[in-house]
Amino acid sequence: MQQKQNLVLIGGGHSHAIVLDLLSKISLGKTDLILISDVIKTPYSGMLPGHIAGYYTYDESHINLKKLADRAGAKLILDRAIGLDLKENKVLCKNGDRIDFDLLSIDIGSTPATISVPGAKEYAISIKPVPNFLAEWNRLLATLPNSLTIGIVGGGAGGVELALNAERRLHDRVENWQIHIFDRNERILTNHNQSVSKILSNILVKRGIKLHLLESVAEVTREGIICKSGLNVRCDRIFWVTQASAPDWIAKSGLITDSRGFILVKDTLQSLSHPHIFAAGDIATIQNNPRPKAGVFAVRQGRPLYENLVRRIAGKELKSYIPQQKYLSLIGTGKKSAIASRGSFAWESPLLWLWKDYLDRSFMNRFQ
Ligand SMILES: Cc1cc2nc3c(=O)[nH]c(=O)nc-3n(C[C@H](O)[C@H](O)[C@H](O)COP(=O)(O)OP(=O)(O)OC[C@H]3O[C@@H](n4cnc5c(N)ncnc54)[C@H](O)[C@@H]3O)c2cc1C
């Protein structure tokens, strides 16, 4: 007979949103479901750039975790996990609570790599946590000056999408705007093929966004950005969109992690060191099949994570999940057009935006 037990989910990221949706369709018997989340509404990465451009409202681009938890019969604890006691099987929360678990799953995303550059913590705004970034973006939109210079540190998909969508929002509202992207690599979007970088670089130039490649930011001051090369650009706002990193409480808890502090998991999405702990999305690195930290993988891991959690509760053998080698990314250009990127293939078209919009809205509809 099944024992009474707690299945605790930390974070309402993309994978857990899907797990909750699927769990709402079945009964877990004697297993109590608990979701610990530091937000009630979590952003959907596919629509976040469109929200910055003003194409989607806040609610259209955010998943309501309270409604989802209610539907799945889960108790929502609005708090931030700050540690794990793996001897006692407890999640340590910021407000002092210690939540018991028998089975745990972690999907807390990532944040741009620690702002170790002098002055960055004080004067730059990190894109994550997204609620902090959006609060700053909305404050800026509410008090737009006649002249505004934005610096974006990081020329990956996130930084470039932010630049293009911010330009869309600002170009006819601010008389004198400038947007600068800084990246230490010799091309943008190094996770994608050369053609994608080329198409996007041309779009950036056409839209008047300045690209500073092979530039490492050495210091951030109240006045702007100083690069190692000596390049000095005055900025009114600086957004930080660099490589993903993991919070340090994960490694401190005793879970085996990769060299960057992400939880190392097997193909079953179980922790290498603790088989009763699962992880998915950006925070997990699948040891045998590592992939870039992207929302598309977090979404794909939702169903296999759900299946293995249910199998584990039922005492059944777990299934392996192998993420695709080549995957399709649809990158919005901020002007109702998008670029498809897959392996060495790249194509830009307004039709792709219509398709992306359809896919994103269909994805969000399942949570409404
Ligand atoms: C501007 C921008 C655009 C992007 N566009 C794309 C795109 O078009 N396509 C794509 O594939 N990827 C994109 N990405 C990357 C994408 O955002 C991430 O890969 C994706 O969000 C990861 O999903 P996740 O499920 O791991 O976690 P997240 O979606 O980050 O969710 C984590 C959740 O956990 C919560 N949380 C965090 N810490 C705690 C804690 N300690 N306790 C409790 N709750 C916690 C957070 O508040 C959040 O709700 C973009 C990123 C940025 C910055």
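The following exercises, each with a worked solution, concern a predicted model of a protein chain with a bound ligand.

**Exercise 1. Domain layout**

Determine into which domains the protein chain is divided and how far apart their C-alpha centres lie.

Solution. Step 1: the chain is divided into domain 1, made of 5-110 + 246-314, and domain 2, covering 114-243. Step 2: between the C-alpha centres of domain 1 and domain 2 the distance is 29 Å. Step 3: the contact between these domains takes 16 residues from domain 1 and 14 residues from domain 2.

**Exercise 2. Composition of the ligand shell**

Describe the residues around the ligand by proximity, class and domain.

Solution. Step 1: the ligand is surrounded by 31 residues, of which His 14, Asp 38, Thr 42, Asp 107 and Asp 282 come nearest. Step 2: sorted by class, the shell holds 11 nonpolar, 12 polar and 8 charged residues. Step 3: domain 1 and domain 2 each supply at least three residues to the shell.

**Exercise 3. Polar atoms and coverage of the ligand**

Identify the partners of the ligand at Ala 81, Lys 128 and Val 296, then state how much of the ligand's accessible area the protein covers.

Solution. Step 1: at Ala 81, a polar backbone atom is 2.9 Å from a nitrogen atom of the ligand. Step 2: Lys 128 places a polar side-chain atom 3.3 Å from an oxygen atom of the ligand. Step 3: a backbone N or O atom of Val 296 is 2.9 Å from an oxygen atom of the ligand. Step 4: on its own the ligand has 1,000 Å² of accessible area, and the protein covers 88% of it. Step 5: two or more residues of the shell come from each of α1 (14-23), β2 (31-37), α6 (157-170) and α9 (295-300). Among these elements, α9 gives the most, with 3 residues.

**Exercise 4. Burial of helix α1**

Explain why α1 is described as largely enclosed by the rest of the structure.

Solution. Step 1: the buried residues of α1 include His 14, Ser 15, His 16, Asp 21 and Leu 23. Step 2: 10 of the 10 residues of α1 are buried, and therefore the helix is largely enclosed by the rest of the structure.

**Exercise 5. The setting of Asp 85**

Decide whether Asp 85 counts as buried or exposed, and list its contacts beyond its neighbours within four places in sequence.

Solution. Step 1: Asp 85 belongs to strand β6, residues 81-85. Step 2: its relative accessibility is 19%, and buried means under 20%, so Asp 85 counts as buried. Step 3: with neighbours within four places in sequence left aside, Asp 85 is in contact with Lys 90, Leu 92 and Arg 98. Step 4: the side chains of Asp 85 and Arg 98 are joined by a polar contact of 3.0 Å.

How values were computed:
Residues numbered from 1 in each chain as written. Predicted model: local features only at pLDDT ≥ 70, side-chain atom pairs only at ≥ 80, totals over all residues. Heavy atoms only, no water. Near = heavy atom within 4 Å. Polar contact = N/O pair within 3.5 Å; in protein donor to acceptor, adjacent residues only side chain to side chain. Areas by Shrake-Rupley, 256 points an atom, 1.4 Å probe, with all protein chains shown as cover. Helix = DSSP H or I, 4+ residues; strand = E, 2+ residues; numbered from the N terminus. Nonpolar A, V, L, I, M, F, W, Y, C, P; charged D, E, K, R; others polar. Domains from an automatic or database assignment. Buried < 20%, exposed > 50% of the residue type's maximum accessible area, 1.4 Å probe, protein only. Contact = heavy atoms within 4.5 Å.
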